[in-house]
Amino acid sequence: MRFIDLKTQYAHIAQDLRARIDAVLDHGQFILGPEVRELEERLAEFVGVRHCIGVASGTDALLIAMLALEIGRGDEVITPAFSFIATAETIALLGARPVFVDIDPVAYTLDPNKLETAITSRTRAIIPVSLYGQCAEMDTINAIAARHGIAVIEDAAQSFGALYRGRRSCALSAIGCTSFFPSKPLGAYGDGGACFTNDDRLAQAIREIRDHGQDRRYHHRRLGLNGRLDTLQAAVLLAKLAVFPEEIAARARIGARYTELFQAHGVVGSDVGGAPLLTPHVHPHNQSVYAQYTIQVEERDEVAARLAQQGIPTAVHYPLPLPEQPVFSGLAQGDHPVSTAVAQRVLSLPMHPYLDEATQERIVIAVMQAARG
Ligand SMILES: *Cc1c(COP(=O)(O)O)cnc(C)c1O
């Protein structure tokens with residue numbers, strides 16, 4: 001059993017994928033070739049924004065978005081205490097200070113009720129994370145940010161394809177940033193990412209920054225980096241984009257089926273035979289792409305070990321809240337009790353669009369047994 005099954009996906013798209021890759025090998029424009037522009041146009045249309053700019057990774061997407069907003073030394077950027085390291089790492093790399101806000105205990109995304117007290121005169125941006133495939137509470141966050149004149153960047157590395165109040169993730173704030181890391185909902189066969197925006201000026205800045213800050217060849221009007229999306233990865237993504245709408249539907253179906261199976265096997269609310277187990281909650285206004293199907297369970301590490309013995313792979317996203325990472329030990333931070341609590345209990349189960357019902361049933365039964373001890 002695979003945690004994420006890329007091989008079955010490959011079998012579905014092999015022909016188109018090979019043809020796409022061959023086309024690149026034939027024309028030889030490996031850097032910013034025609035596939036990059038084609039992908040950008042298709043993704044902008046898919047998301048429903050004016051601009052998509054392909055970049056080298058999700059991490060670069062965040063870094064470049066903040067560079068475009070001219071965030072740097074002395075600035076503060078608010079972000080959730082519970083996420084992948086890249087969200088906060090890029091803030092700190094720019095010399096700005098990550099300010100951590102706790103998450104909502106049910107949706108795992110930034111708790112908007114705790115946002116306003118974290119805003120100071122130095123706050124330049126808020127980076128909510130659409131964790132596990134469900135969008136953060138973007139409208140509420142945007143409204144608070146607007147009152148304070150602060151930009152909002154959605155870290156949509158795990159939510160590409162998700163819907164929030166009928167709108168696509170990455171179309172929900174000043175800039176949306178996503179990742180095409182192979183295991184993300186839309187994954188390449190290597191690193192990749194993209195920035196999305198409706199703002200022409202920001203789009204131009206992002207385009208220049210990803211290519212050494214040049215507006216034309218060897219004319220550099222701002223500081224940039226080598227943050228371009230590879231043509232070969234764009235070709236891979238074009239082939240995968242063709243089946244992505246079906247995969248989004250499959251993800252929604254499979255995520256819901258997990259929850260139904262858990263309920264059918266006795267999980268009522270958050271309690272199973274004395275061993276609390278919590279299934280994910282997706283708000284009615286959201287459609288999650290389930291980048292992860294993450295439950296909460298007592299004695300998580302023991303449960304994971306028992307599942308591994310039965311050949312069921314799991315993962316922990318994430319074992320340590322960001323403010324507790326050694327790299328951020330120098331930052332004076334308040335507490336973030338929800339993040340601390342869930343970091344000890346979260347467990348992600350195998351999740352991908354090709355997961356069949358029998359396998360899911362086997363996983364659910366094994367999880368229930370493992371959770372009962
Ligand atoms: C994966 C991920 C990133 C970074 O993406 P890369 O493409 O691996 O650089 C950033 N934020 C979150 C929440 C992620 O899950």
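How far does a polar side-chain atom of Asp155 lie from a nitrogen atom of the ligand, and what is the distance in Å? In this predicted model, the answer is 2.8 Å. Once the ligand is in place, the protein buries 93% of the 380 Å² that the ligand exposes when taken alone. Here's a quick tour of the ligand site and of one small sheet.

**Where the ligand sits**
- Look for the ligand in the largest pocket.
- Two elements give two or more residues each to the shell around the ligand: helix H3 (58–68) and helix H4 (85–93).

**Who surrounds it**
- You'll find 16 residues around the ligand, and the closest are Gly58, Thr59, Gln158, Ser179 and Lys184.
- Sorted by character, the shell has six nonpolar, eight polar and two charged residues.

**Polar contacts to the ligand**
- Gln158 puts a polar side-chain atom 2.8 Å from an oxygen atom of the ligand.
- Lys184 has a polar side-chain atom 2.7 Å from an oxygen atom of the ligand.
- Asp155, from the opening question, has its partner in a nitrogen atom of the ligand.

**A three-stranded sheet**
- Strands in a sheet pair through backbone hydrogen bonds, and they can do that parallel or antiparallel.
- This sheet is open, runs in the order E7-E6-E14, and has antiparallel pairing.
- Its edge strands are E7 (167–168) and E14 (286–287), each of which pairs on one side only.
- Strand E6 (residues 163–164) is joined to E14 by two bridges.
- If you want to spot a bridge between E6 and E14, start at Leu163, whose bridge partner in E14 is Gln287.

Methods:
Residues numbered from 1 in each chain as written. Predicted model: local features only at pLDDT ≥ 70, side-chain atom pairs only at ≥ 80, totals over all residues. Heavy atoms only, no water. Pairing = 2+ DSSP bridges. Helix = DSSP H or I, 4+ residues; strand = E, 2+ residues; numbered from the N terminus. Near = heavy atom within 4 Å. Polar contact = N/O pair within 3.5 Å; in protein donor to acceptor, adjacent residues only side chain to side chain. Areas by Shrake-Rupley, 256 points an atom, 1.4 Å probe, with all protein chains shown as cover. 1 Å grid on protein atoms, 1.4 Å probe; cavity = no way out; pocket = protein on both sides within 12 Å on 5 of 7 lines; lining within 4 Å. Sits in = over half its atoms within 2 Å of the grid points. Nonpolar A, V, L, I, M, F, W, Y, C, P; charged D, E, K, R; others polar.
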